[in-house]
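Hi,

Here is the structure I promised to pass on. Have a look at it first, then read on for what turned up.

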Amino acid sequence: MPARYNADTGTHVLIRPGYPKQATFILRVSDGPDKGKTFVLDPTTPQRMLAGTSASCQICLTDPSVSRRHAAFDMIDRRLRLTDLGSSNGTYVNGISIVEVVLDGGEFVRMGQTTIHVQMQESESATIVSDRTTFGRVVGASDEMRRLYPLCEKLAQSDVPVLIEGETGCGKEVLAESLHEMGPRASGPFVVFDCMAAPPNLLESALFGHEKGAFTGAVASRAGVFEQAHHGTLLIDEIGDLDISLQPKLLRALQRSEVQRIGGSKVIKVDVRVLAATRRNLDEEVQAGRFRDDLYFRLNVARIELPPLRRRRGDIRLLAQTFWDTLGGRDRPIPPELMARLESYSWPGNVRELYNTIARHLALGELAGNQIGDGIRRSQPPSEAHGSGDAADFIDQVVARALPLPEARQIVMEEFERRYLEHALALHGGNVTRAAAAAGIARRYFHLLRARHTKAGG
């Protein structure tokens, strides 16, 4: 397949043969306060375009009857997909209320008092997509991902804050770590602060640090995550769940590049690039009064929306093969019947669910059964499972207990995870960063798994 060098992004792009024309959609506001405005979507548009009154929307409207994030437009092959985003007044195509619809051009879309005429144009130039199948640790060869890679490359080389949006399990932390590792701060630390991980009364201390004696239990001084990330990158994960009482202090730290520990009087300058990730719609959180709009705009200098796995179905096979190989299945192929089930499933848990499914099948083989997407109930492994005995002996012991299948399956799965983590750490001399990279998972997730199994082992 021929390729062309793109000097703007410093990468090569593929020129897809087979269809000489590409589709470009012109969105013209034909009625409403923004009458005359025009917006363009073509196959090189990096991600779906949001329509609404929020400044974060690429199709930014001033109509007060339009929601902050009203709807989204994105390209699928030579057609345009329109999705209502739970708007207050609904989205209508040719007078019919829709939730999601595919457009071919010629339709009239109404949002509030605004009407948009959708027109499709064709050009003779071939459709151009990035030739990447990975970006750092991110894996994906679908058009949805390839359109994102040039944007990711540019943002990796910059120092601006980036807001990464996407459903749970779609790979937001892995993308954040890739932006760090592909950029000029790669030699510095990459620190993750999870707004949902720390107890509410300890969040401020975790963010900004504290001095000895600042509060009960502060037996020693401690640096916060801003200081820990000095000369590197700080990912604030699930920023939409940060308590609103702490948001002004976070905004001040971002604006001034300085922090002050609890109980301290010294102002500490920090050199940190901040990335933020959220599964929430922050426009709705702002509108509901749960998130400060000034903090939102400070973080939302650049935005990446990671598509859910059901929107990038062409990546299921690639991801499954990648996980299969990294989890120890490299010496045998994925059974065709398993791959067929993987590709037919909707993956509500996204990439994380696919990873766990592959791990379960490698651990259990035929015992994993034919079900994809089983709910998983945690269960404490038997004490004898913590020895270093043969895997087959351990499975025999679990089977002999005559437990319900879901419970027995989870016991074996957790023992597999425990042994896998131990083996990965041993292979890499106890270095968590290298072990996580070899496992194909983010460091924080590796730490969480390790902590869970350490706790389970007493």
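Which strands does helix 2 lie across, and at about what angle does helix 2 run to strand 25? Keep in mind that this is a predicted model. Helix 2, residues 149-156, lies across strand 17 (162-165), strand 24 and strand 25, and its angle to strand 25 is about 145°.

Those three strands belong to an open sheet of 5 strands, ordered 18-21-24-17-25, with parallel pairing. Strand 18 (190-194) and strand 25 (302-305) are at the edges. Each of these two has a single partner strand, so one of its sides is left without a neighbour in the sheet. On average, neighbouring strands here are turned by 20° against each other, direction ignored. If you want one pairing to zoom in on, try strand 21 (residues 232-237) and strand 24 (residues 272-278), which run parallel and are joined by 6 bridges. Within that pair, L235 stands opposite L275 of strand 24.

Now the pockets, which may be more your thing. The largest pocket holds about 800 Å³ of space. It is lined by 33 residues, and the closest to its centre are G171, K172, V174, R352 and A442. Several elements give at least two residues each to this lining: strand 16 (138-139), helix 3 (172-181), helix 9 (316-329), helix 11 (350-364) and helix 15 (443-456). Helix 9 has the largest share, with 4 residues. Sorted by class, the lining of the largest pocket comes to 15 nonpolar, 8 polar and 10 charged residues.

The second largest pocket has about 670 Å³ of space. Of its 28 lining residues, R48, L85, E305, P308 and R311 are the closest to the centre. Strand 7 (71-76) and strand 8 (79-84) are the elements that give two or more residues to this lining. By class, the second largest pocket is lined by 8 nonpolar, 6 polar and 14 charged residues.

There are enclosed spaces too: the structure holds 3 cavities of 30 Å³ or more. The largest cavity has a volume of about 90 Å³. Its lining includes L327, Y355, F416, E417, Y420 and F446. Helix 11, helix 13 (405-427) and helix 15 each supply at least two of the lining residues, and the largest share, 4 residues, comes from helix 13. By class, the lining of the largest cavity has 10 nonpolar, 1 polar and 1 charged residues.

Two single residues are also worth a click. E285 sits in helix 7 (residues 282-287). Is E285 buried or exposed? Its relative accessible area is 7%, under the 20% cut-off, so E285 counts as buried. Leaving out residues up to four places away in sequence, E285 touches G240, R280, R290 and F291.

P333 is in the loop between helix 9 and helix 10 (336-344). With a relative accessible area of 68%, over the 50% cut-off, P333 counts as exposed. P333 and Q321 are 12 residues apart in sequence, and their C-alpha atoms are 8.6 Å apart in space.

That's what I have for now.

Cheers

Definitions and conventions. Residues are numbered from 1 along each chain as its sequence is written. This is a predicted model: local features need pLDDT of at least 70, side-chain atom pairs count only at pLDDT 80 or more; totals for chains, interfaces and linings use all residues. Side-chain values use heavy atoms; hydrogens and water are left out. Two strands pair if DSSP finds at least two bridges between them. Axes are lines fitted to C-alpha atoms, for helices over the stretch in contact, and angles run from 0 to 180 degrees between N-to-C directions. Contact means heavy atoms within 4.5 Å. Buried means under 20% relative accessible area, exposed over 50%, partly exposed in between (1.4 Å probe, protein chains only). On a 1 Å grid over the protein atoms alone, a cavity is a set of points where a 1.4 Å probe fits but cannot get out, and a pocket is an open set with protein on both sides within 12 Å along at least five of seven lines; lining residues have an atom within 4 Å of a point. Grid points are joined across faces, edges and corners, and a volume is the space filled by probe spheres set on the points. Ala, Val, Leu, Ile, Met, Phe, Trp, Tyr, Cys and Pro count as nonpolar, Asp, Glu, Lys and Arg as charged, and the others, Gly among them, as polar.
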